[in-house]
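Please read the following report with the sequence and the three-dimensional view side by side, and look up each part of the chain as it is mentioned.

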Amino acid sequence: MSEKANKIFFSEKDFCIDVKADKAPYLNSIDDYLNLFHEEIEIKLVLDGRAPFLIDNEIVIAEKGDVVVINPYSLHSNVVNNLQKAKYHLIMIGLDFFGSNADYFDLRRIFIKERTRINSLISGNKDIARIIENIVSEFDQKKDMYQSAVKSLAAQLFVLLLRDYRSNAENIRLDKKSVKLYETVYPALKKIQNGYREKISVDELASLCNVSKYHFCRIFKAVTSVSPIEYQTVYRIGIADILLKNSDKSITEIAYLCGFEDAAYFSRCYKKHTGVSPKEKRAILSK
């Protein structure tokens, strides 16, 4: 497959799949954020530990055996923090993987024209996990007819995903105009994710995107469904969830680490967004 503007590459020409085994969810540089959104379907099988991901405006924490699905043009990134030590298999599948003659598996029709979405987190499905393991094995060994074997396994995978895990979430627009909007707000999303502890003004975010403050706020909400300030708060709370579950730090320490001014304000924001206080959440997680 030829190079695309979104920096996604596939391993072999005309074989629209890329498989990486035992990948660690740590980013090496800021350039790794270039793949914040793309057309390909991204599937991860967590092999060990816990791996937090930001998908659209939701923090998803996947554990061993869980499968994470990134739908086409979903805003996403890994959440980088030192507490999460996990590995996963990563599969990137192009929408033309099965070819234009595959009526039942025309992924471009299913995901773009019909705007089908798959649930972001799939837990406890050993059949899906087994198929992913087999795809990785076939791709790694490259025995005779391995491409046919991979396509057969991928067909089984999409049968299970589309049969049992179609999302009830509101379908997003996937036209060229929408993709352009994602590209416009990308610098702001990157700034929020890398600087969530900092005080970041809307004026600063708009300047990074080279648009007026009014235009920026309108585009940002069209892309994420929330305001820039709300997005930063949701992201901070997602980081707090990780710390509440995986550290013995006090709530005050967690508030500071996540960029909140004080523990009281953090607790109010946390309860507003989750329905429980940080203390109550930690008690639930410890059971």
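Among the contacts in the chain with a separation of 6 or more, 72% are accounted for by residues 24 or more positions apart. The model is a predicted one, and its secondary structure comes to ten helices and eight strands. The chain has 287 residues, of which 48% count as buried.

**Helix 2 and helix 3**

How do the axes of helix 2 and helix 3 cross? Helix 2 covers residues 126-141 and helix 3 covers residues 146-164, and their axes come within 9 Å and cross at roughly 160 degrees. Because angles over 145 degrees count as roughly antiparallel, this crossing makes helix 2 roughly antiparallel to helix 3. The crossing in which helix 2 passes helix 3 is left-handed. On the side of helix 2 the contact is made by D127, I128, I131, I132, N134, I135, E138 and F139, while helix 3 contributes Y146, A149, V150, L153, A154, Q156, L157, L160 and L161. When the residues of this contact of helix 2 with helix 3 are sorted by kind, 13 are nonpolar, two are polar and two are charged.

Another residue whose place is in helix 2 is D140. With a relative accessible area of 63%, D140 is exposed, because the cut-off for that class is over 50%. D140 and V19 are 121 residues apart in sequence, and the distance between them in space is 8.3 Å, C-alpha to C-alpha.

**Salt bridges**

How many salt bridges does the count come to? The count comes to eight salt bridges, and the table sets out three pairs, including the N to O distance of each.

| Acidic residue | Basic residue | Closest N to O distance |
|---|---|---|
| E42 | K44 | 2.3 Å |
| D127 | R130 | 3.9 Å |
| E261 | K199 | 3.9 Å |

Are the partners E42 and K44 buried or exposed? Both E42 and K44 are buried.

The pair of D127 and R130 lies within helix 2, where the two residues are three residues apart, about one turn of the helix. D127, which is also one of the residues of helix 2 in the contact with helix 3, has a relative accessible area of 43% and is therefore partly exposed. R130 likewise counts as partly exposed, because its relative accessibility is 42%.

The salt bridge between E261 and K199 has an N to O distance of 3.9 Å, and this pair links distant parts of the chain, 62 residues apart. E261 is in the loop between helix 8 (251-257) and helix 9 (263-274), whereas K199 is in the loop between helix 4 (176-194) and helix 5 (202-208). E261 and K199 are both exposed. Salt bridges that share partners also join K191, E198 and E204 into one network.

**A residue of helix 7**

Where is T233 found? T233 is found in helix 7, which covers residues 228-246. The relative accessibility of T233 is 11%, and because buried means under 20%, T233 counts as buried. If its neighbours within four places in sequence are left aside, T233 is in contact with C269 and H273.

Conventions. Residues are numbered from 1 along each chain as its sequence is written. This is a predicted model: local features need pLDDT of at least 70, side-chain atom pairs count only at pLDDT 80 or more; totals for chains, interfaces and linings use all residues. Side-chain values use heavy atoms; hydrogens and water are left out. Axes are lines fitted to C-alpha atoms, for helices over the stretch in contact, and angles run from 0 to 180 degrees between N-to-C directions. Helices (H or I, at least four residues) and strands (E, at least two) are DSSP runs, numbered from the N terminus. Angles under 35 degrees count as roughly parallel, over 145 as roughly antiparallel, 65 to 115 as roughly perpendicular and the rest as oblique. A crossing is left-handed if the near helix is turned anticlockwise from the far one by less than a right angle, and right-handed if clockwise. Contact means heavy atoms within 4.5 Å. Ala, Val, Leu, Ile, Met, Phe, Trp, Tyr, Cys and Pro count as nonpolar, Asp, Glu, Lys and Arg as charged, and the others, Gly among them, as polar. A salt bridge is a side-chain nitrogen of Lys or Arg within 4 Å of a carboxyl oxygen of Asp or Glu. Buried means under 20% relative accessible area, exposed over 50%, partly exposed in between (1.4 Å probe, protein chains only).
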